[in-house]
Amino acid sequence: MNSKWIGFKELVLVDRVKECDDIVSFYFESVDDSKLPIHEPGQYLPFKIKTDDAKYKDELRTYSLSMAPNESIYRISVKKIQNGLISTYLHENLNIGDKIDAMAPCGLFTLKENKSNPIVLISGGIGITPLLSMVYKLSINKKINRDIYFIQAVQNSTQHAFRYDLDKLSEISNIKNIVFYSNPLKGDINGKDYDFTGYITEDWISKNVPLNSEFYFCGPPIFMKSLNKSLINLGVDKKDINYEFFGEPTDIE
């Protein structure tokens with residue numbers, strides 16, 4: 001594994017892909033063509049925009065790496081937030097060939113791979129990004145012989161990011177891919193576009209996933225608080241409950 005760099009390193013944007021109505025993925029490579037440190041699934045990339053505009057240039061942001069760990073390219077997937085300074089800049093102004101100043105990937109929300117119990121990954125909205133990196137790692141690591149559940153909660157097909165990725169991963173591995181639409185559109189088809197209408201409830205969890213699993217989840221605070229409460233009520237050991245907040249940490253209890 002390549003060692004991490006110290007301080008900031010220039011990365012260049014080599015591609016950008018629209019994933020759904022308000023999420024765009026950005027692909028970065030090293031400017032000097034050097035290999036990148038292989039990140040741990042779930043880690044994030046801290047960076048600053050390279051610009052002379054004082055409004056943006058000193059703003060440090062962290063976005064989860066959303067692809068399989070590798071040494072060639074980093075991908076972040078960003079939701080455009082209303083009045084969001086950097087997310088708006090990335091969506092509207094960052095073009096192929098532009099550069100950022102990035103720190104090495106970091107973060108403690110990572111997989112524990114020394115167990116044998118099932119793994120349940122649960123995402124709400126843009127909270128899918130660190131979990132997507134995890135499921136890529138799990139799907140390509142043939143030494144991991146564990147049941148894997150990936151449960152994605154979104155509003156409807158306009159917000160359903162990475163559908164193709166997860167469909168393909170579930171075809172080639174032992175991943176059970178489950179999708180909830182809380183507000184399906186008229187043209188959204190149950191059984192084709194999604195599996196369940198509504199929200200992930202305590203009752204649904206108790207009937208559909210093994211409670212001896214290792215749980216990882218990420219999403220809006222209210223989503224995470226509800227999940228955490230449900231898992232505790234169902235008797236899941238706290239050491240098997242893993243989560244990450246986007247933005248400022250809040251009390252999950």
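Here are some friendly questions and answers about the predicted model shown above.

Me: Before we start, what pLDDT do side-chain atom pairs need in order to count?
Reply: Residues are numbered from 1 along each chain as its sequence is written, and side-chain values use heavy atoms, leaving out hydrogens and water. In this predicted model, totals for chains, interfaces and linings use all residues, local features need pLDDT of at least 70, and side-chain atom pairs count only at pLDDT 80 or more.

Me: Happy with that. What is the strand order of the open sheet of six strands?
Reply: Strands here are DSSP runs of E with at least two residues, and helices are runs of H or I with at least four, numbered from the N terminus. Two strands pair if DSSP finds at least two bridges between them. Strand 1 and strand 2 run antiparallel and are joined by eight bridges, while strand 3 and strand 4 pair in the antiparallel sense over five. Pairing in the open sheet is antiparallel, and the order is 4-3-6-1-2-5.

Me: Which strands stand at the edges of that sheet?
Reply: Each edge strand has a single partner strand, so one side of each is left without a neighbour in the sheet; these are strand 4 and strand 5.
From one strand to the next, the twist averages 40 degrees.

Me: Let's look at strand 3: what is the bridge partner of Ile 49 in strand 6?
Reply: Strand 3 is mostly covered, with five of its six residues buried (under 20% relative accessible area with a 1.4 Å probe, protein chains only; exposed is over 50%, partly exposed in between). Three bridges join strand 3 to strand 6 (residues 99–102), and the two run antiparallel. On the strand 4 side, Leu 45 has Tyr 63 as its bridge partner. In strand 6, the bridge partner of Ile 49 is Ile 100.

Me: Nice. How far apart in space are Tyr 89 and Ile 49, C-alpha to C-alpha?
Reply: Tyr 89 is placed in helix 1, and at 13% relative accessibility it counts as buried. Leaving aside residues up to four places away in sequence, Tyr 89 touches Ile 49, Thr 51, Tyr 56 and Leu 94, where contact means heavy atoms within 4.5 Å. Tyr 89 and Ile 49 are 40 residues apart in sequence, and their C-alpha separation is 9.0 Å.

Me: Which strands do the buried residues of helix 1 pack against?
Reply: Helix 1 covers residues 85–93, and its buried residues are Ile 86, Ser 87, Thr 88, Tyr 89, Leu 90 and His 91. They pack against strand 1, strand 2, strand 3, strand 4 and strand 5.

Me: Is Phe 162, with its positive phi, buried or exposed?
Reply: Phe 162 has a phi of about 65 degrees although it is not a glycine. The residue lies in the loop between strand 8 (148–154) and helix 3. Its relative accessibility is 2%, so Phe 162 counts as buried.

Me: And is Asn 83 buried or exposed?
Reply: Asn 83 also has a positive phi, near 65 degrees, without being glycine. Asn 83 is found in the loop between strand 5 and helix 1. With a relative accessible area of 75%, Asn 83 is exposed.

Me: Last one: at what angle do helix 2 and helix 3 pack?
Reply: Ile 128, Leu 132, Val 135, Tyr 136 and Ser 139 in helix 2 meet Asp 165, Leu 166 and Leu 169 in helix 3. The two helices are roughly parallel, because angles under 35 degrees count that way (over 145 is roughly antiparallel, 65 to 115 roughly perpendicular, the rest oblique). Axes are lines fitted to C-alpha atoms over the stretch in contact, and angles run from 0 to 180 degrees between N-to-C directions. The axes of helix 2 and helix 3 are 11 Å apart, and the packing angle is about 25 degrees.
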